[in-house]
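Here are my notes on this one, written as I went through it. Have the viewer open while you read.

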Amino acid sequence: MSDKRIHRKCAAKACCNNDCNKNITFFRFPQDKDRAILWAKAVDRYDLIVNAEKLYNSHRLCIDHFEEKYFLNDLRNRLMPNAVPSISLTKSSTAHIEEIEENEIGINKYLYTSNADYIKMV
Ligand SMILES: [Zn+2]
């Protein structure tokens, strides 16, 4: 897990945009901790909240998550100070995301099985 890799990938959970997608613009997380938390929640990355004050340096979001009204210019490379990602992408084809989803399903199955066993025993 290198820092470079983190820098080059959109932080949104269900997004697979990276620097390989030409002409994709990335935006750093806000330096303000509270606003960084807002961004993390908006893209379903609650795991990032604990490091909210570091996200400015470590994570970026791609242009796909921002509504037209939040751009300051026609080039769409500057965001308004109050911009919040509001467009969430639901599909992803990256192996990394699939791996996480499989793990979550696995945990759910395990909990469910445990409960069922427990109920049977009682
Ligand atoms: Zn993205």
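The points below go from confidence and overall layout to the core and then to a few single residues.

1. Confidence first. This is a predicted model, so check the pLDDT before anything else. The chain averages 76, and 65% of its residues reach 70 or more. At the start, residues 1-7 have a pLDDT below 50, and that stretch makes three contacts in the model beyond near neighbours in sequence. Residues 105-122 are also below 50, with zero contacts beyond near neighbours in sequence. Where pLDDT is low, the predicted coordinates should not be read in detail. I'd bear that in mind for helix 1 (3-7) and for helix 4 (95-121).

2. Layout. You'll find four helices and two strands, and along the sequence they run α-β-α-α-β-α. Of the 122 residues in the chain, 20% are buried. For contacts with a separation of 6 or more, 59% are between residues 24 or more positions apart.

3. The core. The largest nonpolar core has 14 residues, and A40 and L61 have the most contacts inside it. Helix 2 (33-42) and strand 2 are the elements that give two or more residues to this core. Helix 2 provides the largest share, three residues.

4. Helix 2. Which residues of helix 2 are buried? They are A36, W39 and A40. Looking down the axis of helix 2, these buried residues fall within an arc of 100 degrees, so they line one face of the helix. They pack against helix 3 (55-58) and strand 2.

5. L61. Strand 2 covers residues 60-62, so L61 is worth a click, given its place among the residues with the most contacts inside the core. Setting aside neighbours within four places in sequence, L61 is in contact with C10, A11, A12, F26, F27, W39, V43 and P85. One of these, W39, is a buried residue of helix 2.

6. C10. This residue is in the loop between helix 1 and strand 1 (26-28). Why does C10 count as buried? C10 has 26 C-beta neighbours inside 10 Å, and the cut-off for buried is 20 or more. The C-alpha atoms of C10 and L61 are separated by 4.7 Å, although the two residues are 51 apart along the chain. Not counting residues up to four places away in sequence, C10 touches C15, N17, N18, F26, R60, L61 and C62.

7. Two positive phi values. Most residues other than glycine have a negative phi, and most peptide bonds are trans. D44 is not a glycine, yet its phi is positive at about 65 degrees. D44 follows helix 2 and sits in the loop between helix 2 and helix 3. With 15 other C-beta atoms within 10 Å, D44 is partly exposed. R76 also has a positive phi, near 55 degrees, in a residue other than glycine. R76 is in the loop between strand 2 and helix 4, and is partly exposed with 13 other C-beta atoms within 10 Å.

8. N82. Is N82 buried or exposed? N82 counts as exposed because it has 9 C-beta neighbours inside 10 Å. N82 lies in the loop between strand 2 and helix 4. The C-alpha atoms of N82 and P30 are 9.6 Å apart, with their positions 52 residues apart along the chain.

Terms used
Residues numbered from 1 in each chain as written. Predicted model: local features only at pLDDT ≥ 70, side-chain atom pairs only at ≥ 80, totals over all residues. Buried ≥ 20, exposed ≤ 12 C-beta atoms within 10 Å, placed from the backbone. Contact = placed C-beta atoms within 7 Å. Core = buried A, V, L, I, M, F, W, Y, C linked by C-beta atoms within 7 Å. Arc of directions from axis to C-beta. pLDDT = per-residue confidence, 0-100.
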